[in-house]
Amino acid sequence: MNATPLRGATVHYDDLGPSSGTPVLLIHGHPFNSTLWSPQAEALTAAGYRVVTPDLRGYGRSSVTPGKVFLADFADDLAALLDHLGIERAVVGGVSMGGQIAMEVQLRHPDRVLGLVLSDTSAPSETEEGKQFRNRLADRLLAEGMSGYTDEVIDKMLAPYNVTGMPAVATRVQDMMRATDPRGAAAALRGRTERPDYREILAGVRKPVLIVVGEDDVYTPVANAEAIRDLVPDAVLAVVEKAGHLPGVEQPERFNAVLLDFLSARGFAANSS
């Protein structure tokens, strides 16, 4: 894993695959890190794509910015990372909060986006109830740490039948969550409450867009994905069976097939050598 100073933080990232392949930037959600995308990075690089998977500031190995970190901060970090890597444009994908950050990249840096991959995410701004919930959760994580929260939500991050049926996957996800610095998680939670409504931005997108959702996602159900699909002209929607909020982890082969088919069908070239 590489590291570079960006906008007052040290951001760690992997830059994998051939430099001649279409770049694909994959953004993890809360409270995870870049290794969430390991199955996709392996499949994409094997197919000849260049894959960039950063640890967002406050997550994984990247440095923590306490207080409040807005989705705009993450988006600007990612644009700076692309600059650092000499990447002019990339397919930008994200899951959950990472999907909202991908939409924020489209809002703030549309010229950097070749296409969007939005997994298990939602476009509207936060509700008042949601703001209160996230701020209370931030307080709790700072006071108690990540362990209790991890135990409570694992059967929402993954479909409950996958928690019991895929114990190694569940352990991997839980380990990522527990390893997250509570200060970074809390800062992102507070900043996320103030995110804009992305629906108008999405309605104006004239780029290839893939929307993916686990069929049993309770955080961002299929209806949320359908709402995004209805906003975006010519968007592709894929519902992944036997998966919850993290289909790329729960059903990586199915997720990867959908992603690779989308990239190929929309003309995003892999390295041909």
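**Close-up 1. Phe262 counts as buried, with 4% relative accessibility.** This is a predicted model, like every view that follows. Its neighbour in this picture, Phe268, has a relative accessible area of 11%, so Phe268 is buried too; the cut-off behind both calls is under 20%. Searching the whole structure turns up two aromatic pairs. Phe262 and Phe268 make up an aromatic pair, with ring centres 6.4 Å apart and 50° between the planes, which puts the pair in the tilted class. Those two numbers are the usual shorthand: a pair of aromatic rings is described by the distance of the centres and the angle of the planes.

**Close-up 2. Strand S4 (residues 50–54) is largely enclosed by the rest of the structure.** Why call S4 largely enclosed? Because five of its five residues are buried. Both faces are covered: Arg50, Val52 and Pro54 are buried on one side, while Val51 and Thr53 are buried on the other.

**Close-up 3. Strand S4 pairs with S2 and with S3.** Strand S2 (residues 9–16) runs antiparallel to S4, and four bridges join the two. To find your way in on that side, look for Tyr13, whose bridge partner in S4 is Pro54. Strand S3 (residues 23–27) goes with S4 in the parallel sense, over three bridges. Here the handy landmark is Val24, which has Val51 as its bridge partner in S4. Getting from S3 to S4 takes the chain through helix H1 (residues 38–46), a β-α-β crossover that is right-handed.

**Close-up 4. The largest pocket holds about 570 Å³ of space.** Its lining is made of 23 residues, and the closest to the pocket centre are Glu126, Phe133, Arg134, Arg192 and Tyr219. Which elements give two or more residues to this lining? They are helix H4 (128–144), helix H5 (147–157) and helix H8 (182–192). H4 gives the most, with five residues. If you care about the chemistry of the wall, the lining splits by class into eight nonpolar, ten polar and five charged residues.

**Close-up 5. The largest cavity encloses about 70 Å³ of space.** The idea behind the search is simple: rolling a probe the size of a water molecule over the atoms shows where empty space is left. The count comes to two cavities of 30 Å³ or more. Lining the largest cavity are Leu36, Trp37, Gln40, Val95, Ser119, Leu246, Pro247, Gly248, Val249 and Phe255. Helix H11 (residues 247–250) gives the most to this lining, namely three residues. As for the mix, seven of the lining residues are nonpolar, three are polar and none is charged.

**Close-up 6. The second largest cavity has a volume of about 40 Å³.** Around this cavity sit Val11, Pro54, Asp55, Leu56, Arg57, Phe74, Asp77 and Leu78. Pro54 also turned up above, as a buried residue of S4 and as the bridge partner of Tyr13. Which helix has the largest share of the lining? That would be helix H2 (residues 71–85), with three residues. By class, the lining of the second largest cavity has five nonpolar residues, no polar ones and three charged.

Technical notes: Residues numbered from 1 in each chain as written. Predicted model: local features only at pLDDT ≥ 70, side-chain atom pairs only at ≥ 80, totals over all residues. Heavy atoms only, no water. Buried < 20%, exposed > 50% of the residue type's maximum accessible area, 1.4 Å probe, protein only. Pairing = 2+ DSSP bridges. Right-handed = clockwise from strand over helix to strand, strands pointing away. 1 Å grid on protein atoms, 1.4 Å probe; cavity = no way out; pocket = protein on both sides within 12 Å on 5 of 7 lines; lining within 4 Å. Points joined across faces, edges and corners; volume = space filled by probe spheres on them. Nonpolar A, V, L, I, M, F, W, Y, C, P; charged D, E, K, R; others polar. Phe/Tyr/Trp six-rings, centres within 6.5 Å; stacked < 30°, edge-to-face > 60°.
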